[in-house]
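Here are a few exercises on pockets and a bound ligand. Open the structure, try each task yourself, then check your steps against the solution.

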Amino acid sequence: MLDEVVAPEALAAILAATERIGFAMASEPLTGALLRALAASKPGGRLLEIGTGTGAGTVWLLDGMDQAARLTSIDRDERAMQVALDHLGADPRVSFIAGDAGTLLATLPEAAYDMIFADTMPGKFTHLDEALRLLRPGGLYVIDDLLPQPNWPEDHGPKVEQLVARLRARPDLVLASLRWASGIIVATRVGAGS
Ligand SMILES: C[S@@+](CC[C@H](N)C(=O)[O-])C[C@H]1O[C@@H](n2cnc3c(N)ncnc32)[C@H](O)[C@@H]1O
């Protein structure tokens, strides 16, 4: 019962197109359900998704956002992003930016985002400080794919451990590690002096 989720209407078509183009990195529905609930906690919020893929996470974020909230989603794979554009591009709350996230993160405004879903290398395993700089106090930093998977390359487990240790060591983050879906961390940015 706990695992039952009502998915956003566009999800089925997005997942069908995701399969057609052979994109294998789409978020699973349980991750999406958490993203939706967290996005809903930020009325009028500014949200950032690093790694759009085909929009399988984007659609859940949008489903949680109110009409005043805005989402920017970045990916360098224009073929994958085209699926998101085809299904979600008409929603005026979302802007898609094609390009390298490692470069783009440095161009985004500091402390301007209420929630970041960091779902690719830059902003997670690299460029972590650049991503966290974008969060305002009270903002949420969310990452998934933290529980060991059989398809991980040998060096990936230690990278995840290092990432989690880095996040835990930051005095400006309050962390919750969740054994949910692929393994998730939700971290809240706290202000200086909190
Ligand atoms: C795990 S998938 C994203 C899945 C998506 N967020 C979802 O919820 O279904 C990671 C994405 O990051 C993109 N990516 C990888 N390196 C990148 C980079 N340096 N800059 C921008 N996007 C990148 C890949 O093209 C891929 O679409």
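**Working through the pockets**

Both β1 (46-50) and β2 (70-75) give at least two residues to the lining of the largest pocket. Keep in mind that this is a predicted model.

**Exercise 1.** Work out how much space the largest pocket holds and which residues lie closest to its centre.

*Solution.* Start with the volume: the largest pocket holds about 1,000 Å³ of space. Next, go through its lining, which is made up of 37 residues; Phe23, Met25, Asp119, Thr120 and Asp145 are the closest to the centre. Then sort that lining by class, and you get 14 nonpolar, 13 polar and 10 charged residues. Finally, ask what fills the space: the ligand takes up the largest pocket.

**Exercise 2.** Describe the shell of residues around the ligand, and find which of them come nearest.

*Solution.* Take a residue as part of the shell if one of its heavy atoms lies within 4 Å of the ligand. That gives 20 residues, and the nearest are Ser27, Gly51, Asp75, Asp100 and Asp119. By class, the shell splits into 7 nonpolar, 7 polar and 6 charged residues.

**Exercise 3.** Find polar atoms of Arg76, Asp100 and Ala101 that lie within 3.5 Å of a nitrogen atom of the ligand, and say whether each belongs to the backbone or a side chain.

*Solution.* Begin with Asp100, where a polar side-chain atom sits 2.7 Å from a ligand nitrogen. Move on to Arg76: here a backbone N or O atom is 3.2 Å from a nitrogen of the ligand. For Ala101, a backbone N or O atom again does the job, at 2.8 Å from a ligand nitrogen. To round this off, look at the ligand's surface: on its own it exposes 600 Å², and the protein buries 92% of that.

**Exercise 4.** Now turn to the second largest pocket: which element supplies the largest share of its lining?

*Solution.* First, the volume is about 270 Å³. The lining has 15 residues, with Leu146, Leu147, Val160, Val164 and Arg179 closest to the centre. The elements giving two or more residues are α7 (156-169), β6 (173-178) and β7 (184-189). Of these, α7 gives the largest share, 5 residues. By class, the lining of this pocket has 9 nonpolar, 3 polar and 3 charged residues.

Notes
Residues numbered from 1 in each chain as written. Predicted model: local features only at pLDDT ≥ 70, side-chain atom pairs only at ≥ 80, totals over all residues. Heavy atoms only, no water. Polar contact = N/O pair within 3.5 Å; in protein donor to acceptor, adjacent residues only side chain to side chain. Areas by Shrake-Rupley, 256 points an atom, 1.4 Å probe, with all protein chains shown as cover. 1 Å grid on protein atoms, 1.4 Å probe; cavity = no way out; pocket = protein on both sides within 12 Å on 5 of 7 lines; lining within 4 Å. Sits in = over half its atoms within 2 Å of the grid points. Nonpolar A, V, L, I, M, F, W, Y, C, P; charged D, E, K, R; others polar. Points joined across faces, edges and corners; volume = space filled by probe spheres on them. Helix = DSSP H or I, 4+ residues; strand = E, 2+ residues; numbered from the N terminus.
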